[in-house]
Amino acid sequence: MSSSRPRKRSHQSLESSDDRDESVAMSYEESSGDHSQHSQATRRSESQNGIIERLEVKNFMCHRFLELELHPQVNFIIGKNGSGKSAVMTAVMIGLGSSAVTTSRGQSLKCFVKNGERTAVVTIQLRNSSSDPFQKEKYGKSIIVERRIYSDNRPGTFTIMSANRKIVSKKKEDLQRALDHFGLMVENPVCLLTQDTSRNYLHSSSPKDKYKLFMKATQLETLNLDYKLILENVAIQEETLETKKKGLPRLEREVVQLEDRVKSLDELDQMVERCQKVKHELAWAYVRDQEKDVEKQVGTVEKLESKEPEFIEKIDDLKVKESEALSAHEVVESELEVMTRELESVAEEKAKTKEEEKKRKDAYRQVDREVSQFRRDIRDAEGDKIKAEEKIREMEMLASRDFKAEKEARENRIGELRQEISSCTEEGQSLSAQKRRLDDTLTELNGNIYQLRPKIDDKRRLINRHETELRSLEQNRANELRVYGSWAESVVQDISRETGFRKKPKGPIGRYLKLKESRWAAGLEEALGDLVYSFCCESGHDYQLLQRIISRRCQGKRPSIIIQKFQNEAYNIRANLPQCREKTFLDVVQCTDPVVFNVIVDQKAVDQMLFIEDATRAQRVMHQEKPRGAKVAFTVQRDQVYGGSTNRFYSGRDVPAKVLHQSVETRIAMVRDELRRVNDELRQLMEQKHAVEREKRDAEDAKRRCLQQCHQNENQMNRMKEELCQLELVEDEEGPSDLAALRSHVEEIEMAILTLTQESTAKESERDMRAEEREAQRRRVNDVMKKVDDLMEAMESKKNDEEAALSELETIRAQLERVRTRHQRLKDKIDEEKGTLANRREQLEELIAKANRICSDRIESDKTPDQLKRDVSRIEASIRHREQTQGNREEILRRCFDARKAYKTTKKNILATERYLEKMNEVMELRRKNFARFRKSLAYRAQTVFTLMASQRNYTGHMRFDHKKKEIILTVSTVEEDRSGTADMRALSGGERSFTTVCFVVSLWVVLDSPIHILDEFDIFMDMVNRRVSMRMLVTAAQDNSSKQHIFLSPQDMSAFIGGPGVKTWRLPDPERH
């Protein structure tokens, strides 16, 4: 390709991966120049390992996707402000392991993820194909570094891959080793010169800032800090050495003193030998005494074992008695079940006989009413007969009389009487209906009164019970134990004062129970019975003490005492509770003491009890549903319902609880409230009764008046009927036929009387028969009632027998438990004594073995171990006295050995430390000189390059180093100023000062051995002329050092004055403005 060929501009468009939603267009320009010259330059200097071959970013800062195939020598990345130039430099720093703070662009990595994205990826491909590659067998010609950062504070990840994208490592340490091999210092301010670094160091006029930048760029600052740290360590070693030297004479004197004391210790050997002989004798004396103890212990064990058969015999006897008592209890229980079934059948018979008695009474009353009616009819018929006979006699006397006027008067009177009789009849019917209504009303009122009387009686009995309970509670308000009896308080006090108990007994058991609902107090007392008054203790010894206290304090019925081992943990009975929805023992009561709870469970099997409020529901649950695990149910009225195969029911006595309450004050308040409520109900019932009685009196008065009116109406009607009959008889006397008819009427009345008399006699006979039947039925009822009473009395007696049998069984079991406890204690004592014997035998064997170790030949001595110990103590006291004056032999020997060893060790360490410090001082002096020469060499190279670069614009430039003041003074002057002697940079323009700064940066590049150099907006303060000269100067410097890669970031358009071989320009698209 000829040199006259015009420069060719090519364009390349890059797009992101398939998943992006927009494309980013970018173009680059490459200056072709003379191809032959470029080839010669390439041959002249091969690019260094560690340059960036390719950079790819995705979702990083403002870039959604950007890929750069960078030139190995010079790259310009240009674009307007906001197009993402600085983001490229930040991506290089982040991708090669820098932290977010180092970039001065954010405080955390998540700041670099593009808005709206979760992940950002930076991929950098470094060259590894030149000479001296880094682990080429692993990575090949390129090393690909991929760093992934996240927006949700997750730590970023590194992936280090080979040229064929095979993952080699994911550790940052491996990346840092590769960068160190390449000499690529990412955080060196001259290697990657950011805007902030340029502002802080380059554009600052302070000579100290420029010197600090020179030291950082050349890594001399780090080296200087290392030297200072080494010198500080040397100073510490010197101080330690001086301290050891001061203590060395003291160690030497101590060694001499201890060696003198060792020589004076030979006199103690005879005393030590004598002490050793006495110790041998003491060892075998211990053996002799231990053998005597073993023989004594064997006798104790044999004596205890001789008592064991007696306990076994007692236990067998009590087991037989327990079996007999259990059989007797089962017999009584079966008899009680039989009597219960018999009572149920008798109860049915009683109901039937009662019903039959009622029928007999009703039949007798009906017949008796019929007899009374017959008698009334007979009396009425006899009266009619007498009246008819009198009328016949009158008619016979007046047969001859005939008065026409009287006949008419009689006829008129007869008509009037008939009308009056008709009206009286109607009135009588009305009065009869009124009487029936009053009878019905009285019957209803009597029924109401009959219904109210038992209710009132129940309320009065309930009031009496509440008042009695209230008086008892108020009397025992100050002492809750009084509810258990007058003896309870004194017994509890005596128990608390008695000191002979091994464990304090607990009781009465009821005081440890707290009701969850007070309405269950009576039912719970029925379930527990006399157990609420009982006491419990742990041992037979405590039982005897407690029995004496109760005998002394309790004169009447004594509470029972239960012996049971005390446990601090209550039984867990929840798994054994009945499986149903009804209340269990744990639902109605809370026990505050685990020992008492365990006693209740063992004595009453409360885990098989149910508590059901209503007796009817209790019978249905226990007899029909039969829940698993439930044996008996109790109601609030003390009823007992047994399940299983017997299905028994015992009606309880409706009496209040005596001892089980939530508290005395709470119970008093509840009883008072209940008493007020019952009094109110009684008052209402009495008011109802008084109202009904008033209504009854009013009805009786009305009935009495009605009866009087009925009687008056009946008398009046009888008089009118009699008068009518007389008038009609008078009229019938006119003819013989009337008299004959009247006589015939008398005969009919006589026949009727005879018939009524016969029927009445028959009814009276029937009434007598009904009376006999009623009396016979009453006797049968009495027999059944007596049978019921006898059965109830027999059942009560049988219950007492059952309780007695159960009490006897429990007593036998308690005795058996006590004997077993004593037997177990004896066995424990035997085991304990056997254990003691075994321990003593082991101790004897140990003592024999120890004595054999001390002295293999047994030594018999008349002295006791105490006497021998005193002899040993006396000899050892003499030895200690000698040792106090002369010192312990072993201790002195040990101290002498330790002192001699410490002296030699300290002396050896001092010599070694002196040699080390001498060598270190020589090395540090040499390093100090080398450091000064190396710093002078780097400074000279920088001065030379600076002067050379300044001369390109006809400037005379000097860079003067003042290492003492740590300053770099730059002086630049034009030819005229140089002739006039002016050399002040403040006289230069802003662009000229920027040019001078570029010269300073290039001079630092020369002394910095890094494969890449990146400058961000280095030309921001230059005018066009200075920018052109600076650009050509930078490109020329980069081309002269073609083995290194240079990347320049600028917002200016460089296409007008950038040229030459090996220069590549990347133009970023303009930013989107919203």
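The following questions and answers explain how certain terms apply to this predicted model. Local features need pLDDT of at least 70, and side-chain atom pairs count only at pLDDT 80 or more, whereas totals for chains, interfaces and linings use all residues. Residues are numbered from 1 along each chain as its sequence is written, and side-chain values use heavy atoms, without hydrogens and water.

Q: Why is Glu 444 called exposed?
A: A residue is exposed over 50% relative accessible area, buried under 20% and partly exposed in between (1.4 Å probe, protein chains only). Glu 444 has 54% relative accessibility and therefore counts as exposed. Glu 444 lies in helix 9.

Q: What makes strand 5 mostly covered?
A: Of the 9 residues in strand 5 (residues 119-127), 8 are buried. A strand here is a DSSP run of E with at least two residues, and a helix is a run of H or I with at least four; both are numbered from the N terminus.

Q: Why are strand 5 and strand 6 said to pair?
A: Two strands pair if DSSP finds at least two bridges between them. Strand 5 and strand 6 (residues 142-150) have 9 bridges, in the antiparallel sense, so the definition is met. Gln 125 stands opposite Ile 144 in strand 6.

Q: How do you know that strand 2 and strand 5 pair?
A: Strand 2 (residues 52-60) is joined to strand 5 over 6 bridges, again antiparallel. Glu 56 stands opposite Thr 123 in strand 5.

Q: What makes strand 16 and strand 17 a pair?
A: Strand 16 (residues 640-642) and strand 17 run antiparallel and are joined by 2 bridges. Val 641 has Phe 649 in strand 17 as its bridge partner.
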